2 protein chains.
Amino acid sequence: MTRTLADPSLDAAADFASDAAGDGLAVSLVGTCEATFSGRAERRLPGGVRQLLWKPDDTLLVHGASGRDPDAWASGAAVAVAVERASGHASDDHLVVETDGGAADALRVQFSAVHAATAFDPASADATVSGTESDLKERVLADPDLVEPGFRPLATERETPAGRVDVYGRDADGNVAAVELKNVRAGPSAASQLERYVTALRRDLHADATVRGVLVAPGVTEKTRRLLAESGLTFSEVS
Amino acid sequence: MTRTLADPSLDAAADFASDAAGDGLAVSLVGTCEATFSGRAERRLPGGVRQLLWKPDDTLLVHGASGRDPDAWASGAAVAVAVERASGHASDDHLVVETDGGAADALRVQFSAVHAATAFDPASADATVSGTESDLKERVLADPDLVEPGFRPLATERETPAGRVDVYGRDADGNVAAVELKNVRAGPSAASQLERYVTALRRDLHADATVRGVLVAPGVTEKTRRLLAESGLTFSEVS
DNA sequence: TCGTAGATATCGCCT
DNA sequence: AGGCGATGTCTACGA
């Protein structure tokens, strides 16, 4: 199923990529290229050796020497491959892989040489993941005292005009409590988010209702701790 | 500089990858593999054909059929490659690429077969980008009336106890104005962010100072528009 | 190193 | 299709 070409001509690489994509395969091209992106921003990559990965869902990734994120990418638009002939020597020809011209996000990758081409039938992502905020919610529902002693959950993802509260319930004194969960050390945006929910709940519920806000996270930054205090919100640490 | 192997044995692929990495090259392995990640979360990829990209900075990327983001990845930890012998048939051997065992984020990619291997000397990312929030700031400084008629900037990235204000200045009436820039349609978090800055400035400045907040963006969602209105903040549209 | 916020964020869920 | 928020976010920039 996997096919390979070493040091193909541009024509051979173009045919190889086109055929493989037509067969629903992913295509990897390693070679000297430059790239331009035009869409929500403009980006230009100078000439250099990179790897282009063309996935069956028409995601294009251009990877260079470092980093998890591609140096350039495009997704969602149809992709075409072609050899553009130079008027002079054939050595000035280019293999061009680019998104459909009509797309809002236009990526053009132009190879002056392709050193290796590989096509393969890739596995669909079917990963099992654990350790996310969703797991933290399960833990809190199984043991509400993690939020604070006496807390009792009444609903999850409760709607408010400001968005959904992760966990909604009442504290030991019977006050309404909105709980925001973060599974990483919390920053200022988490405090603001919780404050939005609490404010919205105070507006929605009877005026005499006391509404508390509790941020549950493995930690908070100092600035965030101060913001919580100023807003009358509570931080509750979980491992 | 670029090297290629087609359908190598596991031993040959391991030597190839090890040598290439030692030479500071990037290595692409396409083959049947499964992968496990253990760190901030747990993740498991079942057996299937994928591409592993091992960059010179020891970033590992495992790409499958779809999406811009890898199905699994690791970065920052030393990477080792080895062939693990099965006690039975050699056909049960595995090529294993994994991060150093001591690393907090542990990725292990285990190939039962390698179909193609490529090594190349990748270009460093040296992209020029435009069209970001930074560009919007330049535009606003060059033409402050984009914020609102009469606005005059006094500082950028001004520090407050709640964070940095993108642009700090005074409006036509001499009131202090904090400007938050977004180069995409703004959501609730942008309104909260601006509110944090305005509240902090009111606290810091003399009690009699009027502090306004202006969100400059190509658009806002309806809920965000309401949040801004409730907080007494202004929205200013820019193209 | 930590904190903070942007990103061509991407991705998934829900309306 | 758009809004909304999480993400193993990643990445750059300061203090």
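Over all chains of this predicted model, a search of the whole structure finds 32 salt bridges. One of them joins the side chains of A:Arg212 and A:Glu148, with 2.7 Å from N to O. Because A:Arg212 belongs to strand β13 (residues 211–217) of chain A, whereas A:Glu148 sits in the loop between α2 (133–142) and β10 (152–160) of that chain, the pair ties together parts that are 64 residues apart in sequence. Side chains of opposite charge can pair in this way when their charged atoms come close.

Both partners of that salt bridge fall in a span that carries an annotation: the unreviewed UniProt entry places the feature "domain: Endonuclease NucS C-terminal" at residues 133–238 of chain A. In the model, this span is 34% helix and 32% strand, and its end C-alpha atoms lie 12 Å apart. A further feature from UniProt, again from an unreviewed entry, is "domain: Endonuclease NucS N-terminal PH-like", placed at residues 29–121 of chain A. Here the composition is 0% helix and 61% strand, with 15 Å between the end C-alpha atoms of the span.

The next step is to set the two chains side by side. Chain B can be laid on chain A with an RMSD of 0.2 Å by a turn of 180° together with a shift of 0.1 Å along the axis. The two copies are thus related as by a two-fold rotation axis. Within chain B, the C-alpha nearest this axis belongs to B:Ser192, at a distance of 3.0 Å.

How many residues does each chain bring to the contact? Chain B gives 60 residues and chain A gives 60 residues. Since 100% of the interface residues of chain B are also interface residues in chain A, the copies meet through the same surface. Between them the chains bury about 4800 Å², of which 54% is on carbon and sulfur atoms. Of the area that chain B buries against chain A, 14% is supplied by B:Ala65, B:Arg68 and B:Arg196, more than by any other three residues.

Charged and polar pairs also cross this interface. The count between chain B and chain A is four salt bridges, including that of A:Glu230 with B:Arg203, whose closest N and O atoms are 3.8 Å apart. In addition, 21 residue pairs are found in polar contact across the interface, with both residues at pLDDT 80 or more. On the side of chain B that touches chain A, at least two residues each come from β1 (3–6), β2 (26–38), β3 (42–54), β4 (60–63), β8 (106–120), β9 (128–130), α3 (188–204) and α4 (222–230) of chain B. The largest share of that side, ten residues, comes from β3(B). By class, the side of chain B that touches chain A comprises 23 nonpolar, 20 polar and 17 charged residues.

A single residue shows how contacts within chain B and contacts to chain A can be followed together. B:His115 is placed in strand β8 of chain B. Leaving aside residues up to four places away in sequence, B:His115 touches A:Thr2 and A:Thr4 as well as B:Leu5, B:Ala6, B:Asp7, B:Pro8, B:Val30, B:Gly31 and B:Thr32. With B:Thr32, the side chain of B:His115 makes a polar contact, side chain to side chain, at 3.4 Å. Although B:Pro8 is 107 residues away from B:His115 along the chain, the C-alpha atoms of these two residues are separated by 6.7 Å.

Note on methods. Residues are numbered from 1 along each chain as its sequence is written. Chains are lettered from A and ligands numbered from 1 in the order in which they are written. This is a predicted model: local features need pLDDT of at least 70, side-chain atom pairs count only at pLDDT 80 or more; totals for chains, interfaces and linings use all residues. Side-chain values use heavy atoms; hydrogens and water are left out. UniProt positions are given in the numbering used here, feature names are shortened, and annotations may be inferred rather than shown by experiment. Helices (H or I, at least four residues) and strands (E, at least two) are DSSP runs, numbered from the N terminus. Copies are superposed by least squares on the C-alpha atoms of residues with pLDDT of at least 70 in both. Contact means heavy atoms within 4.5 Å. Buried area is the accessible area (1.4 Å probe) that two parts lose on being put together, summed over both. A polar contact is a pair of N or O atoms within 3.5 Å; within protein, one must be able to donate a hydrogen and the other to accept it, and residues adjacent in sequence count only if both atoms are side-chain atoms. Ala, Val, Leu, Ile, Met, Phe, Trp, Tyr, Cys and Pro count as nonpolar, Asp, Glu, Lys and Arg as charged, and the others, Gly among them, as polar.
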